[in-house]
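Subject: Structure handover

Hello,

Please find the structure below, with the notes on what turned up in it underneath. Have it open while you read.

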Amino acid sequence: MFSLYKYQKEKAARFFLVLLTITIFLCSFHVTTLTVRATLEDLEAEMEARKALPIQSNDIDNWPVGPQIGAQAAILMDANTGVILYSKNIHERLYPASTTKIMTCLLAMEEGNLDDKVDFSHDAVFSVPGDGSNMGMDVGESITLEECLYGILVGSANEVANAVGEYVSGSIEDFVELMNKRAEEMGCKDTHFVNTNGLQNSDHYTSAYDLALISSYFFQNEMLCKIGNTARYHFEPTSTQPDDFYLNNKHKLINGEIPYNGILGGKTGYTDEARQTLVTCAEQNGMRLVCVVFKEESPAQFTDTEELFNYGFHNFQVMNISENEDRYNIEATGFLQIGDDIFGSSKPILAIDTNSYVIVPNVISFSDLDSEIDYSISDENRVAQIRYSYHDMYVGSAYLDLVKESGTTYEFDTNITSTDVSVEKVETDKNPVQTKDTIFINVKKVLITILVLAAVLIFLFVFRALLVNRKTAKRRNNRVKRKQRRRSYIRSDFDDFDF
């Protein structure tokens, strides 16, 4: 009887505990739901408020009006020229999150060998949180550097970024120092890295402009573009890595969830403090544009990027400078020219490089641009740089180069110690440029000049002879007239006598 009572008591107690647990769970779930809902509403309100932030590129006269987006900062930059098409708070220091890995992979490509094996140390694996982005590498395993880049850019693996840092510099700390040094070399002013992967740290920051600069170097490398534009990558087991698995890219413009023509690659990023960050590159109409979006809410970072690409590709055009420039009269004075034909088909010693271009709004022409010449060029084959702007907005530049030709017949070895160049609109004096090149004499021009000079001399000689003859004839006529007058006087005197 006592045992039955004890059993019923224990059963009731268990039932009460289960009921209490369910009640607590439901209450906590309800509170959590309310908290999440309140947080989402707050985040959406913050995103809407950010749409009202000023867009600096919209303040330029006659510049295409850019879209109002919910990102705290954003930039659209041409990767080849550095021309900025869209700017919103581009120098504000913000947290980059995993877009940091763009610099990590760029340095790995610059300093490493893709076939080298990268080992995973204890520090590389366990210095990052286990619940963060990773691909499950264990201490003692190794994969090639190329596989590491796929792991970083496709799977955003934090431990792999650490291992790459140790591979390049020997330690994570030394690699971070290299990251900051390289950023400074690129011209970054608002960047400071403290880790390889972008894990949250108050002293780890960059700006939209600085990250676009870094990304412009990244997207000049075709191998990095290929890896960074991979939607899914298969890791096969090896003797140093036993697992068989796939990594999927979360970048929607890369994995096809948001189709877009001309995508070359990109990198996602997220932390609670950074919010959504995104870097993407696309190429159309001769422009290779890098788009950076900072502090946005998902999935708006992707739609913002798509909208900014449409803005850039639809409202701007590329103009080749050498084909449009007619305000600068660049010519070599005298008979010295460079080329492979002594009978007139030689080229001027100086020329604007043919590959340079400006990016300008569709509504303006090349003649609307302002320009200035900079002679402080260190390259021995370049004399000056012409920089173009529109309402103080940089739109491109071109170099004034010394034309180089391969050796041919009729060559004369000589040194050019100074170049006589006529360039309109320039008031500053050009420093002499010393260089060695092959100089040809334009025989046709020399012969023509000699003939012209000979014709002038003959004309002067004939003209002088005519003048001399005319004066001589006049004097002769005067003498004849004087003789005739004397004779007439003598006759008149004899007529007075009557013989």
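The first item is a pair of charged residues: Arg50 and Glu296 form a salt bridge through their side chains, with 3.8 Å from N to O. Arg50 sits in helix H1 (residues 2-50) and Glu296 in strand S9 (residues 287-296), so this contact links distant parts of the chain, 246 residues apart. Keep in mind that this is a predicted model.

Are these two residues buried or exposed? Arg50 has a relative accessible area of 6% and is therefore buried, since buried means under 20%. Glu296 is buried as well, at 0%.

Arg50 also has a second partner. A salt bridge joins Arg50 to Glu297, and their closest N and O atoms are 3.9 Å apart. Glu297 belongs to the loop between S9 and helix H9 (300-315), while Arg50 is in helix H1, so this pair ties together parts that are 247 residues apart in sequence. Glu297 counts as buried, with 10% relative accessibility.

Which residues make up the network of salt bridges around Arg50? Arg50, Arg275, Glu296 and Glu297 are linked in it. As general background, side chains of opposite charge can pair when their charged atoms come close.

Another salt bridge is found within a helix. The side chains of Glu185 and Arg182 meet at 3.6 Å, N to O. Both residues are in helix H6 (residues 172-186), and because they are three residues apart there, about one helical turn separates them. What about their exposure? Glu185 counts as exposed, at 51% relative accessibility, whereas Arg182 is buried, at 15%.

In the whole structure, the search finds 11 salt bridges. The pairs described above are among them.

The last item concerns nonpolar side chains. A nonpolar patch of about 760 Å² lies on the surface. Its residues are Ile448, Val452, Val456, Leu457, Phe459, Leu460, Phe463 and Leu467. One of them, Leu460, is located in helix H11 (residues 443-494). Leu460 has a relative accessible area of 46% and is partly exposed; the label follows because exposed begins over 50% and buried means under 20%.

To find your way around, begin at Arg50 in helix H1 and look at the salt bridges to Glu296 and Glu297. Then go to Glu185 and Arg182 in helix H6, and finish with the patch that includes Leu460.

Regards

Definitions and conventions
Residues numbered from 1 in each chain as written. Predicted model: local features only at pLDDT ≥ 70, side-chain atom pairs only at ≥ 80, totals over all residues. Heavy atoms only, no water. Salt bridge = Lys/Arg side-chain N within 4 Å of Asp/Glu carboxyl O. Helix = DSSP H or I, 4+ residues; strand = E, 2+ residues; numbered from the N terminus. Buried < 20%, exposed > 50% of the residue type's maximum accessible area, 1.4 Å probe, protein only. Patch = residues over 30% accessible without salt bridge, like charges linked within 9 Å, V, L, I, M, F, W, Y side chains within 5 Å. Areas by Shrake-Rupley, 256 points an atom, 1.4 Å probe, with all protein chains shown as cover.
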